[in-house]
Amino acid sequence: MDIEQKQAELIDHFVKKASAQVGSAIGALIVEATSHASLFAFSEILAVPTVAELEGTENSVYLEVLRLFAHGTWSDYKSNSGSLPQLLPDQVLKLKQLTVLTLAETNKVLPYDQLMLELDVTNVRELEDFIINECIYAGIVRGKLDQLRRCFEVQFAAGRDLRPGQLGSMIQTLSNWLGTSDNLLISIQEKIKWADTMSELDKKHRKEVEDKVEEVKKSVAVKKLHTVSRPTLTFEGLKRSTLNLVE
């Protein structure tokens with residue numbers, strides 16, 4: 001089962017559970033979802049009405065935790081830890097994995113120093129073990145660890161939930177890409193048309209050359225035929241002709 005299908009099944013599972021619960025029971029569900037080793041998307045759970053109803057209640061802190069896992073990073077948690085519950089070890093791991101995904105959204109080359117700062121990792125060996133065991137093996141990123149340059153070169157990173165206001169920017173980016181693609185397609189079509197025209201001209205030129213070659217061949221053949229059929233007057237023939245005239 002690929003990671004996208006597994007995500008979809010887990011999201012559906014937690015959405016259904018959240019829809020059937022209220023209050024503190026949803027709080028426990030949020031802890032379960034944000035601790036799950038294979039779940040990395042939370043916006044669908046955030047959109048469940050019973051979850052949204054936690055706003056302004058004594059359980060609203062769990063709603064903030066869910067928002068943190070949907071859009072935030074480990075640094076965001078540290079900045080707001082005073083108003084949030086202490087995270088479980090599995091939640092800490094998950095939030096650090098999500099932090100790597102956030103960094104990979106805008107940069108395809110992540111310096112070790114930046115990663116160690118963002119993840120609270122103290123040495124390179126610990127950082128590389130984390131990236132390999134908790135990110136690459138988990139299927140959320142692919143890339144190359146460059147020890148010489150001290151960086152992680154990202155080749156693929158799973159997408160995170162869209163942050164509020166990010167949709168408009170994404171639509172604009174896609175619109176720009178579509179416009180560029182249309183222009184590129186027109187350019188390709190023009191080049192194909194030019195290539196077809198040149199191909200036809202080449203065929204026409206080649207036909208003209210072949211026709212001229214055939215004409216030359218026929219002309220040479222006719223000249224050879226005339227040369228062969230013309231009578232040849234030898235000395236003996238001339239002598240006999242002369243004697244006949246004398247007689």
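The following questions and answers concern a predicted model of a protein, with most attention given to one of its helices.

Trainee: How many helices and strands does the secondary structure of the protein come to?

Mentor: From the N terminus on, the elements run α-α-α-α-α-α-α-β-α-α-β-β-α-α. Taken together, the secondary structure of this predicted model comes to 11 helices and three strands.

Trainee: Which residues of α8 are buried, and on which side of the helix are they?

Mentor: In α8, the buried residues are Y112, L115, M116 and L119. They cover an arc of only 100° around the axis, which means that they sit on the same side of α8. As a general matter, an α-helix has 3.6 residues a turn, so residues three or four places apart point the same way. The buried residues, then, are Y112, L115, M116 and L119, on the same side of the helix.

Trainee: Which exposed residues does the face of α8 turned away from its buried side carry?

Mentor: The buried residues of α8 are Y112, L115, M116 and L119, and the face turned away from that buried side is the one to inspect for exposed residues. That face carries D113 and L117.

Trainee: Which elements do the buried residues of α8 pack against?

Mentor: The list includes helices and strands, among them α9, whose contact with α8 involves Y112, L115, M116 and L119 on the α8 side. In full, the buried residues of α8 pack against α6 (74-79), α7, β1 (109-111), α9, β2 (141-146) and β3 (151-157).

Trainee: How are helix α8 and helix α9 oriented to each other, roughly parallel or roughly perpendicular?

Mentor: Helix α8 (residues 112-119) and helix α9 (residues 124-136) pack with their axes 10 Å apart and at an angle of about 80°. Because angles of 65 to 115 degrees count as roughly perpendicular, α8 is, relative to α9, roughly perpendicular.

Trainee: How do the residues of the contact of α8 with α9 divide into nonpolar, polar and charged?

Mentor: Y112, L115, M116 and L119 of α8 meet V124, L127, E128, F130 and I131 of α9. Counted by class, the residues of this contact are eight nonpolar, no polar and one charged.

Trainee: Are helix α2 and helix α7 oblique or perpendicular to each other?

Mentor: The axes of helix α2 (residues 24-35) and helix α7 (residues 89-106) come within 8 Å and cross at roughly 55°. With that crossing angle, α2 and α7 are therefore oblique.

Note on methods
Residues are numbered from 1 along each chain as its sequence is written. This is a predicted model: local features need pLDDT of at least 70, side-chain atom pairs count only at pLDDT 80 or more; totals for chains, interfaces and linings use all residues. Side-chain values use heavy atoms; hydrogens and water are left out. Axes are lines fitted to C-alpha atoms, for helices over the stretch in contact, and angles run from 0 to 180 degrees between N-to-C directions. Helices (H or I, at least four residues) and strands (E, at least two) are DSSP runs, numbered from the N terminus. Angles under 35 degrees count as roughly parallel, over 145 as roughly antiparallel, 65 to 115 as roughly perpendicular and the rest as oblique. Contact means heavy atoms within 4.5 Å. Ala, Val, Leu, Ile, Met, Phe, Trp, Tyr, Cys and Pro count as nonpolar, Asp, Glu, Lys and Arg as charged, and the others, Gly among them, as polar. Buried means under 20% relative accessible area, exposed over 50%, partly exposed in between (1.4 Å probe, protein chains only). The arc is that of the directions from the helix axis to the C-beta atoms.
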